[in-house]
Amino acid sequence: MDNHVGQDSFDKSRVLNVKPLRTLVPVFPSPSNPSSSSTPQGGAPFVCASPAGPFPTGVAPFYPFFVSPESQRLSEQNAPTPQRATPISTAVPINSFKTPTSATNGDVGSSRRTSRNRAAHITEEEGYNNTEMNELDVEDGIGNGSSKRKKRGRAKRASAGPVTGVSGVVPVDVDLDVVANDILQSINPMVFDVINHPDGSRDSVLFTLMIYEVMRRKLGQIEESTKEAHTGAKRPDLKAGTVMMTKGVRSNGKKRIGIVPGVEIGDIFFFRFELCLVGLHAPSMAGIDYLGSKASQEEEPLAVSIVSSGGYEDNTDDGDVLIYSGQGGVNREKGASDQKLERGNLALEKSMHRGNDVRVIRGLKDVMHPSGKVYVYDGIYKIQDSWVEKAKSGFNVFKYKLVRMPGQPEAYATWKSIQQWTDKSAPRTGVILPDLTSGAEKVPVCLVNDVDNEKGPAYFTYIPTLKNSKAIAPVEPAAGCSCVGGCQPGNYNCSCIQKNGVPPTCRNRVSQVGLKFRLEVFRTKNKGWGLRSWDAIRAGTFICEYAGEVIDSARAEMLGGENEDEYIFDSTRIYQQLDVFPADIEAPKIPSPLYVTAKNEGNVARFMNHSCSPNVLWRPIVRENKHESDLHIAFFAIRHIPPMVELTYDYGINLPLKAGQRKKKCLCGSVKCRGYFC
DNA sequence: CTTATTCAGGGGTAT
DNA sequence: ACCCCTGAATAAGTC
C-alpha cells in the first residue's frame, strides 16, 4: 500500500489538474480557450461541445466536486476498501472515465453517459492529416496547478527549474509523476477492483487499455508542450507503461501459457506496452516471451508468446503459418554473429518438443498512421519445426515454423484479405454496389451482402452532412488566443498558454469532415444492414458525422412515434449506465437539442446499429462557418476497432416514449445487453 | 512518400 | 549487467 497515489489530503490544485479519461475525450479545449479559432482555415472548423455539460471554468468534474451520491454510495459499498491493491483514494464516477472520447486516439471511455460535460471545442482543420482528434486538452490547465504543486513523487528527469515565460506567466514545469498520479487518482476505485482481479476479464483488459491511452496521451501532450524545456517524457508510451506497471494498473499480471482471459483473438494494439499491460506479451521490446526455468518449475524454459514485427527475416506468406527467426546475433557494436540456443531460442525449442501453445502477435505497418505499427493478436500457434539457416549476413539464425491452431476466429487472415481486395489480387465477394455514396464522399463506401439475398437497403438519398441545420448562437467565447496557424509553444502571449500553462498547439482539430476510413455497409446476420471498416480504427478517432435532415422536436416526436422512423438521431436520449453505476442516468447537455432524421437522406451513420457494449460514441460538435455555427453530431471510436468489426453505438433510451413508439428488442448480443432500446 | 539511421529507453532474465 | 522484432524524429533516397 505504499504506492498510494497521492494521498495526502488533497489539495485542490491537484484535483483540478486531474484529467480523467476525458482527456481522451476529444480534447476539446475548453470554451475559454478555443485555440482553434486561431486557425482561419478554409474548412469549417469544428467546435465541440462535449456532451458533458459546461463546467465552471477551472473546475474539473471530479470528486469531490461532482461525484454523484449514487456513485459514491456504490463505490463505498462495493469496494472492499481496506485492501484494495491499488489505492486510489478519490472516488470518481466511472462515467467520467467512460466518457466520450475524443478525438485523438484516445478512446476513452466511453460512455456518453456522462452527462457532465463541459463545453469544449473541437475545431476542424482541413488538411490536418491526423484524423484523430487531438488530444490536447487544454482544459483545466496542467501548468497552473502543477507548477504550483510541490514536487512529491520523484521525477527522474532533472527538472531544471521552472521555465518562465516572457510575460512571467506560467512556468512550464510539469512533474510527470504528479501528472500520472493525478490521472490514476481520477479513476473510479471500482475500476481497480476489476483490473486487479488475478484472472483478467474483458473489462479489466479494456479498462487497462483505456487508462494507458489516457496516460500516454496526456504525457505526450506535456512532452509536446514542453519540448523546448526538455522536460517532458521523450517516450510517452514508455513512461505511461512504466507508471502503470509500477502501480499495478494492469491485467493478467501473471504470465501464462495459452489464452489470456479478456484478450480476444483479433484484438489490435498500437504500442508494445499495450501487449505487456494486458498480459499478452511481457517484454517491452523483445520478440519472444518465455517462462524461465524458475517460473516454469521445470528445468527448461518454455515460450509463451512471440511478436513478429519485421525485425528479422520472417516469412509470413501463408496466413496460418509463420516462419519466425530466433533472437540474437545482431549486436550493434559487435556486429552480426551466430545466434545461440539460449533464452528465447531455447524456450521455443523446448516448447516445440512439448507441443505447447504459443501466442502469436503479428506486427504490421499501420496504413492510417504511417509512422507506427499495429499489432494483431492472431491466437494460438504451435511450433511444428525448427532449424538453423544462414541469414543474408552469413551467420546462423534459428528458424521456427509455427502453425496456427484450427478453429480460432479469423484475425490476421482478415487483414490479408483486405490487403488482397485493396490490391485487387482477390475480389471482394458479395458486392452489390461499389459506392453507395455515388461519389458524395471522397472515399467510396461499398454495399455488400454475403449473408442472404437482400439486394440492399430501402431507397434513400446519400448526403454527406446535415441539411437544414439551424445556426446557433456562437459558442461562448469564440475568442481564444490570437495565434494564427496554431499556438506556438514558446509564445507566452498566447492566451491559451497563459490560461493553461501548456500551449495547446492548436492541434485540436478533427481533420476532415469527410470520411477517412474505407467503410462498407454490409448485411448482418440478424440486424439488417450494418456498418464496418476495412481499416483499423484507433481509439478516439473521428469516424463520421450523423448526416440527415434536421427537424424540430415536434416532428421528431411524430416521426419517431407513429411513423416509426428508425433513422432519427435524438440528442436528448438518455444513456444508461450499464455497469457500475446503474443509477447514474443523465442526459447529455449540449447547446441545444438536436433531432435528425436520416430516413430519406443520410450518410453512412444511418447504418450504424445499436449495441449495449458499443465501440463507437457520439459527441456534439459545433461547426463554425464564418460567422455562423451549427451543431453536428460526430462519432468517435471508443476503443481500438479491428477491421471488419461492426461499428455500433449506444442509441440511448427515450423517456418517456413518444406516442406510438415501442421499445425494440436489442440484438447486440453483449453480455451487458439491456435487452432493448428505443 | 518510403526507407535508413539515430537515439533514448524499460522490463525481464541471468549473473 | 545485458539483451531485445521500440518508436519518434531525422535524414536520405524515390517517384
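**Exercise 1.** In this predicted model, which atom of DNA strand C lies 3.0 Å from a polar side-chain atom of Asp-314? Then find the polar backbone atoms that approach bases of DNA strand C.

Solution.
1. Start at Asp-314: the partner of its polar side-chain atom is a base nitrogen of DNA strand C, at 3.0 Å.
2. Turn to the backbone. A polar backbone atom of Gly-311 is 3.1 Å from a base oxygen of DNA strand C.
3. For Ser-325, a polar backbone atom is 2.8 Å from a base nitrogen of that strand.
4. Check the cut-off: a pair of N or O atoms within 3.5 Å is a polar contact.

**Exercise 2.** Describe the protein surface near DNA strand C.

Solution.
1. Count the residues: 22 surround DNA strand C, and the closest are Arg-235, Arg-272, Ser-309, Tyr-312 and Tyr-375.
2. Sort them by class: seven are nonpolar, nine polar and six charged.
3. Assign elements: at least two residues each come from strand E4 (302-308), strand E5 (321-325) and strand E9 (373-390).
4. Look at the DNA side: 71% of the strand C atoms within 4 Å of the protein belong to sugar or phosphate, the rest to bases.

**Exercise 3.** Which parts of DNA strand B do Thr-242, Ser-284 and Tyr-290 approach?

Solution.
1. The side chain of Thr-242 has an N or O atom 3.2 Å from a sugar or linking oxygen.
2. The side chain of Ser-284 places an N or O atom 3.0 Å from a base nitrogen.
3. Tyr-290 uses a polar backbone atom, 3.3 Å from a phosphate oxygen.
4. Place these in context: 11 residues lie around DNA strand B, and Lys-255 and Met-285 are also among the nearest.

Methods:
Residues are numbered from 1 along each chain as its sequence is written. Chains are lettered from A and ligands numbered from 1 in the order in which they are written. This is a predicted model: local features need pLDDT of at least 70, side-chain atom pairs count only at pLDDT 80 or more; totals for chains, interfaces and linings use all residues. Side-chain values use heavy atoms; hydrogens and water are left out. A residue is near a molecule or strand if one of its heavy atoms lies within 4 Å of it. A polar contact is a pair of N or O atoms within 3.5 Å; within protein, one must be able to donate a hydrogen and the other to accept it, and residues adjacent in sequence count only if both atoms are side-chain atoms. Helices (H or I, at least four residues) and strands (E, at least two) are DSSP runs, numbered from the N terminus. Ala, Val, Leu, Ile, Met, Phe, Trp, Tyr, Cys and Pro count as nonpolar, Asp, Glu, Lys and Arg as charged, and the others, Gly among them, as polar.
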